[in-house]
Amino acid sequence: MSDKAATFRALHARDKLFIMPNPWDAGTAKLLADLGFEALATSSAALAWSLGRPDAAGRVSRQEALAHAKSIVSATSLPVNGDLESGYGETPEEVGETIRQAIDCGLAGCSIEDLGQGALYPLDEALRRFEAAKEAAAKANPDFVLTGRTETFLVRHSDPVNEAVKRLRAFEAAGADVVYAPGITTREEVEAIAGAISVPVNVLGGVGGISDDIAALERLGVHRVSIGSGLNKVALGAFLDAANALTHRRFAFSGAAKSSTLDGAFTHPLDDDD
């Protein structure tokens with residue numbers, strides 16, 4: 001089997017920005033691979049919704065998240081980055097165990113949030129958790145790509161940019177291969193973070209402002225754009241529109257994919273080395 005982690009790491013080493021969309025099952029992973037994307041990522045929100053649960057801490061277990069990730073890893077020959085929330089554990093040791101299991105299930109990288117019980121972990125605690133993840137990754141697969149992630153924008157911190165810079169620089173110093181602060185929407189926010197960090201920067205795309213302009217993000221030095229639950233929301237939005245039309249005795253199927261398109265994508269075999 002080819003080393004997907006090494007392939008994933010190489011994508012971050014080049015200058016060209018790459019887009020990393022987030023499927024939510026094996027079928028959507030295959031469709032995205034068929035379109036030519038170079039890497040994929042899981043989405044904790046999309047997984048929760050697929051299980052009929054809210055996107056909230058503690059509603060999906062480590063076992064469920066990693067089984068879901070494995071199904072996506074196995075669907076294509078592409079490297080997959082795991083959205084592993086805060087590491088599915090309160091202690092650094094539990095976070096390290098999550099990383100070991102993530103590597104065992106074939107993930108090429110993952111992010112670890114600094115959010116616990118609805119609030120940011122104190123930075124020293126967040127660093128201990130991240131360092132445990134880094135140590136576990138270094139022992140199990142040195143090519144595994146570990147993303148240091150801060151939720152300062154999502155928790156509406158009073159000074160999200162400066163707090164994000166402080167935290168992301170600390171994660172970089174602790175060995176982060178990539179850094180990520182979801183919720184960036186302005187040029188100034190991108191410039192502040194990209195200008196303060198030496199490792200590749202990930203931006204959550206499609207959430208408004210400059211995050212919708214991939215060419216502008218690339219010019220500002222962003223290496224990676226992930227989509228989070230964006231594609232899942234698009235799909236569920238179309239589903240609800242069509243289903244709601246049926247309650248009014250109408251069909252709203254104009255945007256439906258063709259069976260031939262779906263069957264064609266699902267007929268392609270994996271590469272021989274997979």
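Two exercises with worked solutions follow.

The model is predicted: local features need pLDDT of at least 70, side-chain atom pairs count only at pLDDT 80 or more, and totals for chains, interfaces and linings use all residues. Residues are numbered from 1 along each chain as its sequence is written, and side-chain values use heavy atoms, without hydrogens and water.

**Exercise 1.** Classify the ring pair Phe251 and Phe253, and say how exposed each residue is.

*Solution.*
- Step 1: recall the rule. Rings of Phe, Tyr and Trp (its six-membered ring) pair if their centres lie within 6.5 Å; planes under 30 degrees apart are stacked, over 60 edge-to-face, the rest tilted.
- Step 2: apply the rule. The centres of Phe251 and Phe253 are 5.3 Å apart and the planes stand at 75 degrees, so the pair is edge-to-face.
- Step 3: check accessibility. Buried means under 20% relative accessible area, exposed over 50%, partly exposed in between (1.4 Å probe, protein chains only). Phe251 has 67% relative accessibility and counts as exposed. Phe253, at 48%, is partly exposed.

**Exercise 2.** Describe the surroundings of strand β3 (residues 80–83).

*Solution.*
- Step 1: fix the terms. Helices (H or I, at least four residues) and strands (E, at least two) are DSSP runs, numbered from the N terminus. Two strands pair if DSSP finds at least two bridges between them.
- Step 2: find the neighbours. Two bridges join β3 to strand β2 (residues 40–41), and the two run parallel. Three bridges join β3 to strand β4 (residues 109–112), also parallel.
- Step 3: look at the faces. Val80 and Gly82 on one side are buried, as are Asn81 and Asp83 on the other.
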